[in-house]
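User: Please take a close look at a single part of this model and describe how its residues are placed. I would like one connected account, with the cut-offs behind each term, that then sets the part in its surroundings.

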Amino acid sequence: MPSHTFKLNGKRITVEAEDNVRLLWVLRDLLGVTGPKYGCGLGVCQACTSHINGKAFNPCSVPVSKVVPDDEITTIEGLPATVGKDLHPMQEAWLELDVAQCGYCQPGQIMTAVAKVRQASAEGREIEDADLDEIRNICRCGTYTRIREAIKAGAKNM
Amino acid sequence: MAQKEHAADNPRSAREGVGRRRVLAYILAAPTLAVGVRVGLDAVDGPVAEAAVPSPPQPEELFDLGDMQNLAAAPTSGLITVRVHSDGTASLAVPRAEVGQGMTTAVAMMVAEELDLPLDQVRVSLADARPELLMNQLTGGSNSMRSIYLPVRTAAAAARQRLIATAAHQWRVEPSELTTRDGVVAHGSGRSASYGSLAEAAAGTAVLPVAVQLKDRSDFTVLGTSRNRIDALAAVTGRKKFGMDHQVPGAKPAMVRRPPTVNGTVEAVHNADAVRRMPGITDVATIRHGVAVRGETFGQCIDALRALEVTWGPGTVDGESDGTVLRRLKSAALPMVVPPLLTKKIDAEFTFAFASNSPLEPDNAIADVRADRAEIWASLKVPIVAQREIANRLGLPQKAVTVHVVEGGGSFGRHLFHDVAAEAAEISQKMGKPVKLSWSRTDNFRQGRTHPMCLSRVRATYALGQVLSYGQRHTSAQTDFGHGLGEMITSTAAKLPVVGNPTFAETIFQLTQSTPYDFGVTTQLLNEVPLKFNTGSMRNIYSPNVACARELMVDQLADRMGKDPVAFRREFLKDRRLRAVLDKAVEVGEWGRSLPAGVAQGIGLHAEYRGAVATLVEIDCRPETVNRKVRDGVTGPRVTKALMVVDAGFPINPRGLEAQMMGCFNDGLALALTSSLHIKDGIPLEGSWDNYFYTRQWNTPPDLRVVVMPSTSDKPSGAGELGVAPAFAAIACAYARATGRLPTSFPINHGTLAFEPLPLEPSTPQSPTDGLDRAF
């Protein structure tokens, strides 16, 4: 079976898997990293959103063979370490505003939020309502308002 | 009702009214302190519960011999138990499901309050199926807080009393000289002991019944205050475990290839052996409604199920489409009362499309079925019924099936049923191996439970400034209540205030539907058309549709009678709590403020579960808003401002209540404007979240506020479903006022199929491979 090497949450790992297995299943079923959730497997619901080299992406839509050794994959489990703390400012904002309801979408929401804020700040501006309207992550509990508030609050501390 | 409120508000009269009945608990034999309270008997939200309203006991009333004799003989089964451990924490396995509604947090608050223990020292888990609890282990009907508020507090209060008694005994002082705070018992002398240090000494050696004094509401420091969820940290760090995150030895991923029509059957599988040899695949088995595959990863299961060649037999609704169902409903609608001469009348007919109650987490379950026993892990709101039916299906005795309730990623009615758990058990039995079964997203929409299409006809008559009659005839494709609520009704049928011999559905309709207005002769009737879709409740059962039709009709009546919608409601409302939330909404939401053409306000009211909500919205129906473009999404009119004013009786956790209202609002928004299933030739066309248009960020109001009214009762109302109906109604009313057209078909975009349906075969689409191209 082919083996694949990449950096996962700061550690270099090697895993054996068929080339076409999507990264989500490599993470969840083979490596036991369960923060990224399965909500559709179609790149739609965004529940599995994680980061590749700092950018948000859906592991359900990437065959593991497309991940190369230099790639750095960050899941929700590895997010705090990117700022060298126990919690990322976005997670702290999430707690402050008690955003989660069932919690299933929340790892993906937070990973999207961090990428969105970075994107805006790379463009030299603050996150705006128009950016928030672009977020595709489903929250079936409907806690959208608190998500919006938390992203704005978290952005201030990033 | 008046009598109950009187009893609740006045301890003395409550005591007089109930004689010697009091809130009772049992100290149990256990290594450390454990206190049990019967749930469903001593403190349900019914006549008996009223008897259990706590009152400050007089010394002579605390407990007598008769009580002791009666209770010593009482069964100690059916208890929910608060335990105090040597580390100073308290724990409780609650017989309810947690699916996001915040039940565990509210329960922890009850324990913390009555035990005088910091909230973070309380651990709440979900109880396995416990058949002896009978129907007291059902999470539904927004009833959890109402049914366990007294039992949980009682158990915690008894534990605190016992800890005090234990310390008093050790220190040779009177219990009345001791106080408790933050998990410590203290004496005025400066002596103190932590709960943990007393937990063993306080334990019972035999069952001991005790009478309990609960805190007065004015002494509350936890209940009624805003608290964050106890699982929030786990949720934001990815550590919270949902069904598929649990590791059970040998339980490998499994998925199912499904038929192209609802509940289709398997006639032949042509290449099972070849599929079994695919990479990572271990097993292939034909099951009731499909062909299951098991393998190393879910991705390989998707490959395998797609490779299966299957000949399908018919399903249960193969000839049915939206149009055929609607025709059946129209022909089954019960007749309206013919109005007398010289009265004016308004008639309206509203249709509500099929909707999916699927949570974000696809249905899943782990099953390990052996020859003589089985173990199941799933998010289940009625685990006892699941246990019994799964045992029957497997040919095992009920007690040989252990059912663990895991935390669910949403429910919205879906987890009242155990379809996926039963299927996992069937697969595990047939393969002879443990399985971790997940439905695909597409399975969830196409073969999962739906809220059935329904039709509401309304006729109101009026004359001389009065509404003389209000009739509503609700006709629905059959709703399945086979999850236990039906049994609860059967067992209590004699006590229910409904006449005749109605069906379960009619009984539930009559128990849940009422009109809060003085509209003269009022009749609301349900008729169901028996159709074998997979149906169920969906964050409420009938109310969102019934109330939407009603509130639209109220606006029509107001218009015909030349009155403002709010003024008209104030004039005809008979419910003082609704009047109060309406007044608050009008004030905070600035009812009547000036808005541009194409933008309008709408108001919707609804009372249920002993709670009341007013929703006030502003909707923008101007072309530049309606025609916004979002890739693979629907836009349409946008609610720009929304306000939910809620009276939830006694709000246990206002922050949690706000969250419930926010969720209810976004559900109502989806039902009004965007989300529905299109049935075509026996199956829904929707297969992904870009087909089933639940509210997204580009739909949700940028400005949503929730106002929690001060307590109006000693007891919490139901809240989980309470806000959907008024939100839906307010949005519909606002849309009618903004566009000048009465909407009669919901959601309003149902007539347009705004997506390209995914293929019906294979039943689960392949995952994309271009994810990196969309990274941002």
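Analyst: The account below begins with one strand and its partners and then moves outward.

This is a predicted model, in which local features need pLDDT of at least 70 and side-chain atom pairs count only at pLDDT 80 or more, whereas totals for chains, interfaces and linings use all residues. Residues are numbered from 1 along each chain as its sequence is written, and chains are lettered from A and ligands numbered from 1 in the order in which they are written.

The part chosen is strand S4 of chain B, which covers residues 90-94; helices (H or I, at least four residues) and strands (E, at least two) are DSSP runs, numbered from the N terminus. In a regular strand the side chains alternate between the two faces of the sheet. In S4(B), B:Ala90, B:Leu92 and B:Val94 point to one face and are buried, while B:Ser91 and B:Ala93 point to the other face and are not buried. Here a residue is buried if 20 or more other C-beta atoms lie within 10 Å of its own, exposed if 12 or fewer, and partly exposed in between, with C-beta atoms placed from the backbone.

S4(B) is paired with strand S3 (residues 79-84) of chain B in the antiparallel sense, over three bridges; two strands count as paired if DSSP finds at least two bridges between them. S3(B) and S4(B) make a hairpin with five residues between them, and B:Gly88 in its turn has a positive phi of about 90°. S4(B) is also joined to strand S5 (residues 122-126) of chain B, here by five bridges and with the strands running parallel. B:Ser91 takes part in both pairings: it is the bridge partner of B:Arg83, and it stands opposite B:Arg123 in S5(B).

The buried face of S4(B) can be followed through B:Val111, which touches B:Ala90 and B:Leu92 of that strand. Not counting residues up to four places away in sequence, B:Val111 also touches B:Val82, B:Leu117, B:Val122, B:Val152 and B:Ala156; residues are in contact if their C-beta atoms, placed from the backbone, lie within 7 Å. In soluble globular proteins, nonpolar side chains tend to be buried together. The largest nonpolar core has 270 residues, and B:Val111 is among the members that touch the most others, together with B:Val107, B:Ile376, B:Ala421 and B:Ile731. Such a core is a set of buried Ala, Val, Leu, Ile, Met, Phe, Trp, Tyr and Cys residues joined through C-beta atoms within 7 Å.

Chain B as a whole has 22 helices and 31 strands, and buried residues make up 56% of its 776 residues. Among its contacts with a separation of 6 or more, 80% are between residues 24 or more positions apart. B:Thr615, in strand S26 (residues 611-620) of chain B, gives an example of such separation, since it is in contact with B:Pro726, B:Ala727 and B:Ala730, among others. B:Thr615 counts as buried because it has 33 C-beta neighbours inside 10 Å. B:Ala268, by comparison, lies in strand S11 (residues 265-269) of chain B and is exposed, because it has 11 other C-beta atoms within 10 Å.

Elsewhere in chain B, an open sheet of five strands has the order S24-S23-S22-S15-S31, with mixed pairing. Its edge strands, each of which pairs on one side only, are S24 (521-529) and S31 (745-746). Strand S15 (residues 344-352) runs parallel to S31(B) and is joined to it by two bridges, with B:Thr351 and B:Ser745 as bridge partners. The peptide bond from B:Phe746 to B:Pro747 is cis, with omega near -5°, and B:Pro747 is found in the segment after S31 of chain B. The same segment holds B:Pro762, which is joined to B:Glu761 by a cis peptide bond with omega about -15°.

Beyond chain B itself, 62 of its residues are in contact with 58 residues of chain A. Helix H3 of chain A gives the most to the side of chain A that touches chain B, with five residues.

Notes. Contact = placed C-beta atoms within 7 Å.
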